[in-house]
Amino acid sequence: MAALKYAGMDDTDSEDELPPGWEERSTKDGWLYYANHEEMKTQWEHPKTGKKKRCAGDLPYGWEQETDAKGQIFYVDHINKRKTYFDPRQAFTVEDVQVKPKRYDGNTPALEILQGHDLSDKVIIITGGNSGIGFETARSFALHGAHVILACRNKARSSKAVNRILEEWHKARVEAMTLDLASLRSVREFAEAFKAKKLPLHILVCNAAVCTQPWRLTEDGLESTFQICHLGHFYLVQLLQNVLGRSAPARVVVLSSESHRFTDLLDSCGKMDLTLLSPSQKEYWSMLAYNRAKLCNILFSNELNRRLSPHGVTSNAVHPGNMMYTSIHRSWWLMTFLFNLARPFTKSMQQGAATTVYCAVAPELEGLGGMYFNNCFRCVPSAQAQDPSSALSLWELSERLVQERSGGPQAL
Ligand SMILES: NC(=O)c1ccc[n+]([C@@H]2O[C@H](COP(=O)([O-])OP(=O)(O)OC[C@H]3O[C@@H](n4cnc5c(N)ncnc54)[C@H](OP(=O)(O)O)[C@@H]3O)[C@@H](O)[C@H]2O)c1
């Protein structure tokens with residue numbers, strides 16, 4: 001017996017045998033319960049195993065469920081012209097196992113979260129999907145069958161990324177499209193080109209960013225970190241919101257960072273200030289510009305969720321991990337030095353992509369948004385990131401900027 005237990009073969013039908021005096025019955029909707037005739041009591045749990053069970057599937061062909069004068073359910077087999085109080089489905093019962101959502105953490109690779117997920121009916125756009133965390137996110141989705149679009153500014157780099165995924169799995173449905181978030185014109189052209197494909201859009205990952213760049217104005221006259229990290233994504237979502245709505249349930253995931261905690265966006269009067277978001281060269285400090293843009297990411301995600309979740313489109317923001325060795329450090333030698341020092345202790349790219357992937361597919365997050373995740377756990381962002389009026393002010397300011405500078409109405 002011990003050997004059978006060791007081999008996992010001791011789980012036989014005999015354990016389902018009822019002790020004397022017990023009877024197995026079923027409710028109208030197929031749940032089994034157990035009646036003890038001696039003690040005149042009933043219970044849901046099997047008296048020996050403690051398991052709850054229910055009947056699987058429909059009644060066999062020709063059978064019907066009816067209720068007698070005392071209210072007891074019986075079954076009629078019309079083909080063989082007989083009646084019984086025994087539910088014929090009791091021969092095929094299944095255990096009532098409560099499937100709890102699996103817990104993931106900072107060590108979980110993205111591909112582990114996707115285990116068992118078939119994404120072949122999903123269309124996913126990832127901005128900046130040609131490198132770092134965006135690439136690993138795109139690769140993970142593509143290996144699970146999704147149609148993945150890398151929205152990237154550089155054709156050579158994005159084609160290389162597409163080829164890397166195809167080399168791994170030649171059937172992957174992955175393509176690159178041009179999107180430069182530093183140009184509202186390019187964002188509009190991307191949205192038009194995407195809409196021309198007449199595809200749905202189930203997941204949009206706003207991943208692209210730059211960090212510690214020298215001060216530069218975009219062609220729209222705004223500081224480039226702010227426009228690339230926030231305003232370009234804001235405009236992109238505005239242009240694609242109808243497609244997202246038609247594809248609902250749809251999810252947006254916005255990549256932020258824990259560095260959002262080291263700043264705020266309000267002026268001395270407590271108002272959202274454009275000169276803080278898009279400062280002049282004299283007022284510019286590249287790290288602060290990045291932190292502010294990352295705070296914008298959470299505020300944007302929250303307000304987006306508030307507006308679109310009633311239409312089946314939810315949005316969550318994520319921190320992917322600390323100082324992962326991607327290309328993000330490349331604009332400043334000091335950052336490159338620090339990232340090199342931290343490299344042995346930071347997450348792998350697969351672990352860096354995990355929180356984004358989790359927010360994009362976790363069934364327990366269906367219909368839920370307006371949250372901030374780190375290491376696949378919901379966590380509390382800074383006080384300003386939680387402030388609904390800051391989120392609304394940023395939204396209204398962004399709407400104004402897009403309207404003034406894109407030279408036309410936002411919605412296509
Ligand atoms: N690495 C970390 O430790 C870390 C920590 C916290 C948060 N994050 C966040 O994670 C996200 C991904 O960053 P990463 O570390 O993977 O960095 P990355 O390797 O530098 O990836 C950034 C991506 O954004 C793209 N991009 C930059 N400017 C663009 C523009 N104007 N238009 C379109 N795409 C543009 C880049 O394209 P090119 O290749 O053409 O430059 C690149 O593909 C970012 O939102 C970042 O803030 C990263």
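So, is Lys81 buried or exposed? Lys81 counts as exposed, because there are just 7 C-beta neighbours inside 10 Å. Keep in mind that what we have here is a predicted model. Lys81 sits in the loop between S6 and S7, and its phi is near 50°, which is a positive value in a residue other than glycine.

Let's stay with those strands for a moment. S5, S6 and S7 make an open sheet of 3 strands, in the order S5-S6-S7, and the pairing is antiparallel. At the edges you have strand S5, 63-67, and strand S7, 82-84, each of them pairing on one side only. From one strand to the next the twist averages 30°. Between S5 and strand S6, residues 73-77, there are 5 bridges, in the antiparallel sense. If you want one pair to look at, take Glu66, whose bridge partner in S6 is Phe74.

Lys81 has a counterpart elsewhere in the chain, Lys198. Lys198 isn't a glycine either, and it has a positive phi of about 55°. You'll find Lys198 in the loop between helix H5, 184-196, and S12. Lys198 is exposed, because 7 other C-beta atoms lie within 10 Å.

While we're at Lys198, how far apart in space are Ser286 and Lys198? It's 39 Å, C-alpha to C-alpha, with their places 88 residues apart in sequence. Ser286 itself belongs to helix H8, residues 286-308. It counts as partly exposed, because it has 18 C-beta neighbours inside 10 Å. Leaving aside neighbours within four places in sequence, the contacts of Ser286 are Thr212, Gln213 and Pro214.

Now on to S13. Just ahead of that strand, the peptide bond from Ala248 to Pro249 is cis, with omega near 0°, and Pro249 lies in the loop between H6 and S13. Strand S13, residues 250-255, is mostly covered, with 6 of its 6 residues buried. Both faces are covered: Ala250, Val252 and Val254 are buried on one side, and Arg251, Val253 and Leu255 on the other. Strand S12, residues 203-206, runs parallel to S13, and 4 bridges join the two. Val205 is the residue that stands opposite Val253 in S13.

Val253 comes up again when you look at Asn316, which is in strand S14, residues 313-319. Not counting residues up to four places away in sequence, Asn316 touches Val253, Ser301, Cys359, Gly369, Met371 and Phe373. Asn316 counts as buried, because it has 28 C-beta neighbours inside 10 Å. Asn316 and Arg251 are 65 residues apart in sequence, but 8.0 Å apart in space, C-alpha to C-alpha.

Next, the core. In soluble globular proteins, nonpolar side chains tend to be buried together. Here the largest nonpolar core has 96 residues, and Ile124, Val148, Leu150 and Leu204 touch the most other members. Helix H6, residues 224-246, supplies the largest share of this core, 12 residues. Take Leu150: apart from neighbours within four places in sequence, its contacts are Ile126, Gly129, Asn130, Ala138, Ser158, Ala161, Val162, Val174 and Ala176.

Last stop, the ligand. Which residues come nearest to it? Out of the 31 around the ligand, those are Gly128, Gly132, Ala208, Ala209 and Thr326. The shell divides into 14 nonpolar, 14 polar and 3 charged residues. Its largest share, 3 residues, comes from helix H3, residues 132-143. That's my tour, thanks.

Notes: Residues are numbered from 1 along each chain as its sequence is written. This is a predicted model: local features need pLDDT of at least 70, side-chain atom pairs count only at pLDDT 80 or more; totals for chains, interfaces and linings use all residues. A residue is near a molecule or strand if its C-beta atom, placed from the backbone, lies within 6 Å of it. Ala, Val, Leu, Ile, Met, Phe, Trp, Tyr, Cys and Pro count as nonpolar, Asp, Glu, Lys and Arg as charged, and the others, Gly among them, as polar. A nonpolar core is a set of buried Ala, Val, Leu, Ile, Met, Phe, Trp, Tyr and Cys residues joined through C-beta atoms within 7 Å. A residue is buried if 20 or more other C-beta atoms lie within 10 Å of its own, exposed if 12 or fewer, and partly exposed in between; C-beta atoms are placed from the backbone. Two residues are in contact if their C-beta atoms, placed from the backbone, lie within 7 Å. Two strands pair if DSSP finds at least two bridges between them. Axes are lines fitted to C-alpha atoms, for helices over the stretch in contact, and angles run from 0 to 180 degrees between N-to-C directions.
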